[in-house]
Amino acid sequence: MPTYAQVEQALINLEYDIDFSDRYPTKLTGYIAIEGYLSQIVLKFRESYHGELGDLEEMFQVEWLMNDGESCLYLDIASLDEPDEVPDIFVKEKVILRSVFDRVLQEIAQLSDQSS
């Protein structure tokens, strides 16, 4: 899985907005605006954490609130190969979300290759 630094650099390279004000230093939030849509795609990343109060698993996901203000599309690495249970709903938006997620993953892979 990617590191915080790799995800941060990928978002910077892709010129996506990053929220640096998060009070948790292990969590990163990025915002990707899509023309014609009210809400931005929100990318959330957190490295795994082991601590006295408990452990947190790594989180790497994108969420997107649709223009209806109620429906939300969600994608993470674990769900990339899962079948779409409602393929006829938000077809165009699902393609956009997957494209954005793939772009971020590709940028992270390039950064990983450069550091090897």
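## A walk from the sheet to the core

Strand 1 and strand 2 pair in the antiparallel sense over 3 bridges; two strands count as paired if DSSP finds at least two bridges between them. Within this pair, aspartate 17 stands opposite tyrosine 31 of strand 2. The model you are looking at is predicted, so local features need pLDDT of at least 70 and side-chain atom pairs count only at pLDDT 80 or more, while totals for chains, interfaces and linings use all residues. Residues are numbered from 1 along each chain as its sequence is written, and side-chain values use heavy atoms, with hydrogens and water left out.

Let's step back to the whole chain. The protein has 2 helices and 7 strands, where helices (H or I, at least four residues) and strands (E, at least two) are DSSP runs numbered from the N terminus. Along the sequence they follow the pattern α-β-β-β-β-β-β-β-α.

Now for the sheet. It is an open sheet of 5 strands in the order 1-2-3-6-7, with antiparallel pairing. Strand 1 and strand 7 are its edges, each pairing on one side only. From one strand to the next, the twist averages 20°. Helix 1 packs on this sheet and touches strand 1, strand 2, strand 3 and strand 6, and its direction makes about 20° with that of strand 2. For such angles, axes are lines fitted to C-alpha atoms (for helices, over the stretch in contact), and the angle runs from 0 to 180 degrees between N-to-C directions. Helix 2 lies across strand 2, strand 3, strand 6 and strand 7, running at about 150° to strand 6.

Strand 6 deserves a closer look. On one side, 6 bridges join strand 3 to strand 6 in antiparallel fashion, and isoleucine 41 stands opposite tryptophan 64 there. Strand 6 also pairs with strand 7, antiparallel again, over 5 bridges, with glutamine 61 opposite aspartate 76. These two strands form a hairpin with 6 residues between them, and glycine 69 in the turn has a positive phi of about 75°. Strand 6 is mostly covered, as 5 of its 7 residues are buried; buried means under 20% relative accessible area, exposed over 50%, and partly exposed in between (1.4 Å probe, protein chains only).

What lies inside? The largest nonpolar core has 27 residues, and those with the most contacts inside it are Val7, Leu11, Ile41, Leu43, Phe60, Trp64 and Val104. Such a core is a set of buried Ala, Val, Leu, Ile, Met, Phe, Trp, Tyr and Cys residues joined through side-chain atoms within 4.5 Å. Two or more residues each come from helix 1, strand 2, strand 3, strand 6, strand 7 and helix 2. The largest share, 6 residues, belongs to helix 2.

Helix 1 makes a good example. Its buried residues are Tyr4, Gln6, Val7, Ala10 and Leu11. An α-helix has 3.6 residues a turn, so residues three or four places apart point the same way. Leaving aside residues up to four places away in sequence, valine 7 touches Pro2, Leu28, Leu43, Phe45, Phe60 and Ile108; contact here means heavy atoms within 4.5 Å. Just after helix 1, glutamate 15 takes a positive phi of about 60°.

Finally, consider the protein as a whole. Buried residues make up 34% of its 116 residues. Its C-alpha atoms fill a box of roughly 40 × 35 × 30 Å along the principal axes.
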